[in-house]
Structure formats: C-alpha cells, structure tokens
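This report describes how two protein chains fit together and where their charged side chains pair up. The sequence and the structure come first.

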Amino acid sequence: MTLAATACLLATGPTTRTAAETHGFLSPTGVEIAFVLVGLVTFGAALVTVTTRQLVHAALWLVVTLGGLAVEYLLLTAEFIAWVQVLIYVGSVVVLLLFGLMLTRAPIGRSPDADSGNRWAALTVAVAAAAALVWVVVDAFRTTWIDLDGPAAGSTEATGASLFQNWVLPFEALSVLLLAALVGAIVLSRKAKAAAATAAGSTPDTRSTPATGSTPGTGRTPAPGSEKEGTR
Amino acid sequence: MHLAYPAVLSALLFCTGLYGVLARRNAILVLMSVELMLNAVNLNLVAFDVWLSKTAEETLHSGQALTLFTIAIAAAEIGIGLAIVLAVHRNRGTADIDKLRDTAERHDPDGTDHDALTAEQSGEAQKAEATA
C-alpha cells in the first residue's frame, strides 16, 4: 500500500500539482456539484436517523442515507459496490432492523426516552471528533485530485478480476464466516424455545412459567405466537 | 473530483454514527449507528481506491475488495447482533441498554447486602441460561 502510494506520488507528483492548480474549489465540476448535493442529503438523513424520536422513522431515514451512499459510489465510478450496497444494505439490513424493531415491540409513536442522559457528552465528543477529522482531512488532501475519466475503476469486470485473482483466499474465508454467523444466529434464536421445553419437562423456572402455562400439558415446543404471549 | 469531498463526507458520517452510538438508548438504534460508521469507512475505502487505481501503475483494487468484505461482515454482524438483542429482550423484557446493568459496580454504602443479592440474582440468571 505504501509502495503503491509512494510510486504514484513519484510518478504523478507534478501532474497532481498542476491538477490542483487547474481544478480549484471555486470552479467545481458537474460531478462535484452532484456529489455535494447528494452528500448533503445523505448527511442530513444520517442526522435525522440518530436524532429522531420515532424508532421506525429512524430505520426509514437510514434507507435514505444508505441509498445516498450508493449514489455516491456511482459518482465515484464504483458501480459494482453501489449495486451491492443497494442489494445488501437497503435490501436486507434495513429489513432486518425493522424486524428487530417490531419484534422488540418498539413504540410506533414518539418515544420520549429514545436518547439516554449522556447525550450532551456524546454531542461534545462527536463534534470534537468531527472538527478534528475534517480539519486533518482537508489539510491533508486539499490538493489531491481523483481522475474520474477513462474506464471505470470499479466496474464489475475490474472488481471481479481483482477479487478472484488476488483475493480468493479471503473470499473463501468470508464464506466460512457467513456460515458461522448463520449457524450462530439460529442457535441464539432457538435457545429460549429449548429453555421453555426443558422447563415444561423438568425444572420449574420463574421466567418461563407463563410460557409453559400458555401451553399446558403438551410438553412440546410452544408455537412462536404462544411463546410471545407468554413472555410478554 | 477533489479527494477532500468524499473524505469530509465520510468523516462527518462517522461522527454522526459516533454520536448515535453514544447517545441512543435502544439497542437496535445503536446497531443502526454502527451501520452508519461502517458505511463511512466504506466510502473512504472506495474513494481512496478510485484515486490510487488511477494514479498507480499496478493496483490490486484492495479498497473495493475490502469494501465488499466489510459489507459482508456487516451483514453477518447485524444478524448476530439482532439475534442477541432479541434474546436479551426475551429474557429481560427490554432492549434498553441503560437497564442492562448486571455487570456494573454498585456504589451503595451498605454494598454487601446488595452485592450478595445481585450475585444471587445473576447466579439465577446464569442458571437459567445454563439450562437453556
């Protein structure tokens, strides 16, 4: 990584400087204007996500944030990453989060206790971190220019070639990790049902007594609906 | 495009996620903020990969490959995290992370009785988990 960075600095040092001279911040290109506009929408949706008091609305504003980021990836010519972002984040992660909100019986309306008591300390930390990061990043990359012309850097062909030529072993390891996560999620979800069945069989447990009471005498694993009623 | 634009946007999104993690009380909202932070890192990786792949002679597209890995790991993380939150909600009846204080240190003046009581309660909870 450092070798590549130094090589590119050695190779394109003068061109970078001339690019910074020819491309000022006061004469933005069309791609930059689009990037800034979509970035403002994305950042605003992210702010609403972390500050709104309606929990379901937070998940829906998260959709706007993730979709805006997908558009930013498209503007950076990383089209495969953009479609993967739409498929996985907007398609599955947000749906999982909404399922989680529904299953934990989040209130539909405004919940007054969505923020904890240390929100001012959190605000201080976040603003300080943002100021420091933005200052450092702007100071470091003020004159760096991304050349977006020519063939796309993140087309499906380029990404697939590099992924299956140079990154095959991490890719396969990632599939094993996904399998482990799948098995782990199933085990975590089955745990309470097994506890209810065991409690119905032998040991009286105070927490699962209503669950066994809702299905008296059957001895089987209770249905999900009755279990939900029991733990309420 | 100037590299400063995606870098600044990524820094702002990261700090927004940081605020959400620190200030939110519901565990699922904390998971959403973690997703925001991961996406900020992804944007940084993509922007720097596009910059370096155009300026360097030879590139491995390491930024985009790492972005794909991060997205997959985030999907796994959200699955496991939601399973844990649902298990906690099923056992305790709440997903409020301010109320999950079983491992917190108590600062009561007569701390021994409370400690013994909480130890007994946590032992009971552990027994419930062990039977599961």
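A residue counts as buried under 20% relative accessible area, as exposed over 50%, and as partly exposed in between. The model is predicted. By that scale A:Arg142, with a relative accessible area of 43%, is partly exposed because its value falls between the two cut-offs. Its salt-bridge partner is A:Asp139, at 3.5 Å from N to O. A:Asp139 is also partly exposed, at 46% relative accessibility.

**Salt bridges**

Over all chains the count comes to three salt bridges. They are listed here with their N to O distances.

| Acidic residue | Basic residue | N to O distance |
|---|---|---|
| A:Asp139 | A:Arg142 | 3.5 Å |
| B:Asp98 | B:Arg25 | 2.9 Å |
| B:Asp102 | B:Arg92 | 2.7 Å |

In the pair of B:Asp98 and B:Arg25, the aspartate sits in the loop between α3 and α4 of chain B and the arginine in the loop between α1 and α2, so the bridge ties together parts that are 73 residues apart in sequence. B:Asp98 is partly exposed at 31% relative accessibility.

The side chains of B:Asp102 and B:Arg92 form another bridge. B:Asp102 belongs to the loop between α3 and α4 of chain B and B:Arg92 to helix α3, so this pair ties together parts that are 10 residues apart in sequence. Both ends are partly exposed: B:Asp102 has 49% relative accessibility, and B:Arg92 has a relative accessible area of 38%.

**Chain B**

Chain B holds four helices and zero strands, in the order α-α-α-α from the N terminus. Of its 132 residues, 54% are buried. Among contacts in chain B between residues at least 6 apart in sequence, 57% join residues at least 24 apart. The chain exposes about 5,800 Å², and carbon and sulfur atoms supply 57% of that area.

**The interface of the two chains**

Chain B and chain A bury about 8,100 Å² between them, with 75% of it on carbon and sulfur atoms. B:Met1, B:His2 and B:Tyr19 supply 11% of the area that chain B buries against chain A, more than any other three residues. The contact involves 101 residues from chain A and 78 residues from chain B. How many salt bridges lie between chain B and chain A? The count is zero. Polar contacts do cross the interface, with 16 residue pairs found. On chain B, the helices α1 (4–23), α2 (27–55), α3 (62–92) and α4 (111–131) each supply at least two residues to the side that touches chain A. Helix α3(B) gives the most to that side, with 24 residues.

One residue at this contact is A:Thr104, placed in the loop between α4 (79–103) and α5 (119–140) of chain A. Leaving aside neighbours within four places in sequence, A:Thr104 is in contact with B:Ile28, B:Val85, B:Leu86, B:His89 and B:Ala95. A:Thr104 is buried, with a relative accessible area of 7%. A polar atom of its side chain lies 3.3 Å from the backbone oxygen of A:Leu101.

**A surface patch on chain A**

A:Leu179, A:Leu182, A:Val183, A:Ile186 and A:Val187 make a nonpolar surface patch of about 460 Å². Within this group, A:Val183 is located in helix α7 (residues 168–201) of chain A. A:Val183 is partly exposed, with a relative accessible area of 45%.

Terms used:
Residues are numbered from 1 along each chain as its sequence is written. Chains are lettered from A and ligands numbered from 1 in the order in which they are written. This is a predicted model: local features need pLDDT of at least 70, side-chain atom pairs count only at pLDDT 80 or more; totals for chains, interfaces and linings use all residues. Side-chain values use heavy atoms; hydrogens and water are left out. Patches are made of residues with over 30% relative accessible area and no salt bridge: like charges are joined within 9 Å, nonpolar side chains (Val, Leu, Ile, Met, Phe, Trp, Tyr) within 5 Å. Accessible areas come from the Shrake-Rupley method with a 1.4 Å probe; for residues, only the protein chains shown count as cover. A salt bridge is a side-chain nitrogen of Lys or Arg within 4 Å of a carboxyl oxygen of Asp or Glu. Buried means under 20% relative accessible area, exposed over 50%, partly exposed in between (1.4 Å probe, protein chains only). Contact means heavy atoms within 4.5 Å. Buried area is the accessible area (1.4 Å probe) that two parts lose on being put together, summed over both. A polar contact is a pair of N or O atoms within 3.5 Å; within protein, one must be able to donate a hydrogen and the other to accept it, and residues adjacent in sequence count only if both atoms are side-chain atoms.
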